[in-house]
Amino acid sequence: MLAMEKRKIHRLKCYNIDPDPILSLSYSKLKTTVAALRNNRIELWNIAAVPFLQGSVFFDSSLKLRAISWCGERLISADLQGFVREFDVNSLSEKASYPVSSGACHCIAITPDNTLLAAGTEAGFINIFKVGDGSFQFEKLLQCRSRTVSLCWNKNGEFLAAGMQDKINIWKMENDSILHTLKVPRRLKAVPVVVWCLAFTEDDDVAAGDSSGRLNIWNIRSGTCVQSFNDHHADILALSLSEDKQGIYTTGVDTKIQHYRRVYFKKKDKVEWIRSGIFKFHSHDVNAIVVCEDDKIFTGGLDANLIASKLYPVIFQRYLPLPENKCVSVCEGARCVVLRYQKHLELWRLPSSSSSATADLFSSSPTKLIEVHSIDGEMILSAGASSDAKMLVYSTNTSIRLLKVDLTGDHPKVSPFQLNGIELKKAHHITFSRDGKTLVIADSNNLIQVFCMRNLSSSYSIELGRSKDFSNDRITFVSVSYDGKYIAATGTRGQIAVWMEGKLMKKPPVYQYPVTALVFNSCPEKPLLYVAYSDFFFIEYRVDGFGYTDFTKNARMDLVFQHLAQDNLPVLNITFDDKEENIFTLQKLSAICAINKQRLSYQSNDNKRERQASEEGSPNKKRAKLDTPLEMDNQNEIIHTPNQRKMKKHLRGPDYLFEKARDFILTKKQKDLTKNQSKVRGLNVFRKYENVLYFGSFGNEEFLSVEVSSASTLSKLPPVLKTKLFARG
């Protein structure tokens with residue numbers, strides 16, 4: 001067993017999250033990013049491999065954004081103040097705003113070739129903008145005489161469909177005239193029907209979802225409804241087409257995802273849409289749905305969860321509305337923890353641990369010492385604290401605040417202080433070195449400032465904007481070594497740069513996937529840089545020797561990949577054991593993976609025979625169990641190993657549902673594989689943790705785990721839609 005099991009692990013569960021619903025989703029194929037709109041921010045989820053939160057654009061909640069859409073690599077939104085806004089995803093800020101006529105803007109739509117933008121307003125006017133290189137130019141105005149709540153273009157921008165109350169207008173853009181006004185039937189005469197969502201199919205038919213729960217397929221050439229489906233019990237709030245345009249996915253208030261397929265009937269000599277399946281992952285209203293490459297589906301709604309799923313076979317992963325990484329700062333010297341929320345900070349003091357080496361809880365309850373609120377309720381972008389808890393730094397969109405904390409006495413005191421030579425107005429990354437002598441601040445404009453905390457002055461600055469690797473990019477992670485001598489930074493494309501006292505050193509090779517964790521080890525004599533990527537690959541890199549270590553080159557990393565791939569959650573942090581330099585841990589939201597570099601190897605006879613065969617140069621006829629990483633892209637592929645052929649007929653059923661979030665990657669066939677796997681020396685995976693925000697060293701032979709309870713988040717949600725279930729009381 002690893003030495004990790006002999007350490008005291010303290011679990012802190014005082015972090016509370018208010019569920020912030022997802023209002024809109026949009027997918028960019030160029031950036032392999034899904035943008036999720038919430039009440040006060042736009043989250044950018046990178047889905048190149050394992051989905052993870054790569055950044056957030058914060059804005060004032062008074063803006064009331066209601067829809068977002070990608071225009072190439074540009075992110076556009078519509079709000080109730082009557083503006084179309086463009087956000088810069090590199091600087092994570094608003095770039096420009098363009099007013100629309102006639103009141104609030106409810107919806108936007110962009111042509112597939114990214115040349116025109118349509119915005120629907122409260123008074124029933126559609127504003128058409130021409131997309132330029134750096135701006136949007138107003139071109140013309142279309143009048144619908146009713147509030148426009150949904151818009152969509154056909155594939156070549158020839159037609160524009162506008163959804164409103166009781167009707168759909170089809171505009172022919174060649175002469176700016178209404179081709180058809182499609183009357184949507186009501187279920188009840190006294191209850192109007194609102195068309196919430198629209199989409200053009202491959203045949204230029206219009207698929208419309210409305211407030212009566214009905215999906216109608218309209219032929220715009222004849223102006224008639226060719227098909228109608230009444231499968232939802234309440235409003236259809238969102239619909240999306242599959243990547244090949246052969247499927248329609250609808251969802252809404254009843255939380256169901258209904259799939260329809262396009263089928264050609266030879267006898268009838270025509271194409272029709274048929275029901276294909278019903279799936280349910282959310283507990284509350286689903287406001288948005290997007291379909292990405294390989295038919296990966298992302299949905300979000302009132303329960304604040306972003307859910308990634310694939311329907312055949314049915315696998316899904318739930319992502320809770322957790323804050324970005326570095327929302328926890330540990331002050332080991334003072335036994336304190338700083339928790340960062342959206343608009344305030346909390347400083348908690350942790351009591352001394354009990355004498356039992358196997359204790360998993362504190363001997364007494366933690367104490368909240370200080371609660372610091374931002375000025376005027378601004379959003380806090382980042383925060384950090386020194387190891388002795390005497391200095392606290394946080395940043396908002398407009399300023400950086402520096403506070404001195406005095407914990408002596410019964411009443412802690414907080415007072416502001418200043419740093420000489422500070423140039424940044426806001427910072428997305430704030431990091432203290434572990435010895436507390438160095439402070440590193442970085443903004444989204446690729447400027448890094450390093451401060452010496454002894455004389456409270458700037459030591460040097462680093463401008464990444466001049467580097468080719470960071471041009472048109474932003475810093476996503478910053479790490480500083482134990483003594484502050486080395487600094488490392490990475491961008492959205494996986495590029496890494498390392499500096500020694502401000503001098504750029506040789507860069508590590510660029511990997512094909514972005515970085516999810518970037519950490520220096522805790523030994524100043526032997527500086528090593530640990531990097532984890534979004535496909536579960538990670539490296540150990542020598543900073544002074546410029547190269548991969550022997551552990552990265554020779555260790556059985558495929559074994560680690562298989563354990564990490566048991567859920568579709570990325571590695572968020574890497575921490576180290578102060579007593580054993582060969583032990584480190586990989587932190588995920590659902591598990592902690594402890595690795596001993598010296599002992600990582602197989603213990604199976606199959607592997608011994610394989611190694612002997614490779615040394616002798618003879619072909620190996622029998623492969624070791626789990627010697628090949630599990631397939632993640634195609635879940636229908638079967639890895640033929642002993643004790644698995646019997647399962648082949650059980651893997652093709654379409655109704656296999658995974659209830660646990662971690663089962664998005666670990667399918668049934670892979671579960672049986674892991675039961676028969678050989679024991680791995682030097683590798684332990686602990687899965688008793690839930691929604692781990694932070695896991696790291698906390699003093700001598702102690703570790704700290706900060707977690708969020710899913711039950712506490714669900715208890716804050718409103719009641720769900722009441723539905724009658726068959727054969728249930």
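This report walks through some sheets, loops and salt bridges of one predicted structure.

## Before you start

The model is predicted, so local features are given where pLDDT is at least 70, side-chain atom pairs count at pLDDT 80 or more, and totals for chains, interfaces and linings use all residues. Residues are numbered from 1 along each chain as its sequence is written, and side-chain values use heavy atoms, leaving out hydrogens and water.

A few terms will help you. Helices (H or I, at least four residues) and strands (E, at least two) are DSSP runs, numbered from the N terminus. Two strands pair if DSSP finds at least two bridges between them.

## Two four-stranded sheets

Strands of a sheet pair through backbone hydrogen bonds, either parallel or antiparallel. Let's look at one open sheet, in which four strands follow the order β18-β19-β20-β21 with antiparallel pairing. At its edges stand β18 (195-200) and β21 (224-229); each has a single partner strand, so one side of each is left without a neighbour in the sheet. On average, neighbouring strands here are turned by 25° against each other, direction ignored. Such angles come from axes, which are lines fitted to C-alpha atoms (for helices, over the stretch in contact), and run from 0 to 180 degrees between N-to-C directions. Within this sheet, five bridges connect β18 with β19 (residues 205-210) in the antiparallel sense, and Val195 stands opposite Asp210 in β19.

Another open sheet has four strands in the order β38-β39-β40-β41, again with antiparallel pairing. Which strands stand at its edges? They are β38 (429-432) and β41 (457-463), and because each has a single partner strand, one side of each lacks a neighbour in the sheet. Neighbouring strands of this sheet are turned by 15° against each other on average, direction ignored. Strand β39 (residues 438-442) runs antiparallel to β40 (residues 447-452), and five bridges join them. One place to find this pairing is Ile441, whose bridge partner in β40 is Gln449.

## A hairpin with a covered strand

Next, find β30 (residues 328-331). Both of its faces are covered: Val328 and Val330 on one side, and Ser329 and Cys331 on the other, are all buried (under 20% relative accessible area, with over 50% called exposed and values in between partly exposed, using a 1.4 Å probe and protein chains only).

Four bridges join β30 to the antiparallel strand β31 (residues 336-340), and Cys331 stands opposite Cys336 in β31. The two strands form a hairpin with four residues between them, and Arg335 in the turn has a positive phi of about 55°.

## Loops with something to notice

Two loop residues have a positive phi without being glycine. Asn114, with phi near 60°, lies in the loop between β10 (105-110) and β11 (116-121). Its relative accessibility is 30%, so Asn114 counts as partly exposed. Asp295 has a phi of about 55° and sits in the loop between β26 (286-291) and β27 (297-301). Asp295 is also partly exposed, because its relative accessibility is 29%.

A further loop, between β28 (306-311) and β29 (314-319), holds Pro313. The peptide bond that joins Tyr312 and Pro313 is cis, with omega about 0°.

## Salt bridges

Side chains of opposite charge can pair when their charged atoms come close. How many salt bridges does a search of the whole structure find? There are 26 of them (a salt bridge being a side-chain nitrogen of Lys or Arg within 4 Å of a carboxyl oxygen of Asp or Glu). Asp20, Arg38, Arg41 and Glu43 are linked in a network of such bridges.

Lys368 takes part in two pairings worth finding. With Glu346, the closest N and O atoms are 3.8 Å apart. Glu346 lies in β32 (residues 344-349) and Lys368 in β33 (residues 367-373), so this pair ties together parts that are 22 residues apart in sequence. With Glu371, the closest N and O atoms of Lys368's salt bridge are 2.8 Å apart. Glu346 is buried at 9% relative accessibility, whereas Lys368 is partly exposed at 38% and Glu371 is partly exposed at 36%.

## Where distant parts meet

Finally, look at Lys716, which forms a salt bridge with Asp18, their closest N and O atoms being 3.1 Å apart. This pair links distant parts of the chain, 698 residues apart: Lys716 is in the segment after α5, and Asp18 in the loop between β1 (8-12) and β2 (24-28). Asp18 is exposed at 60% relative accessibility, while Lys716 is partly exposed at 38%.

Ser715 is also in the segment after α5 (710-714). Its C-alpha lies 9.7 Å from that of Pro19, although the two are 696 residues apart in sequence. With 57% relative accessibility, Ser715 counts as exposed.
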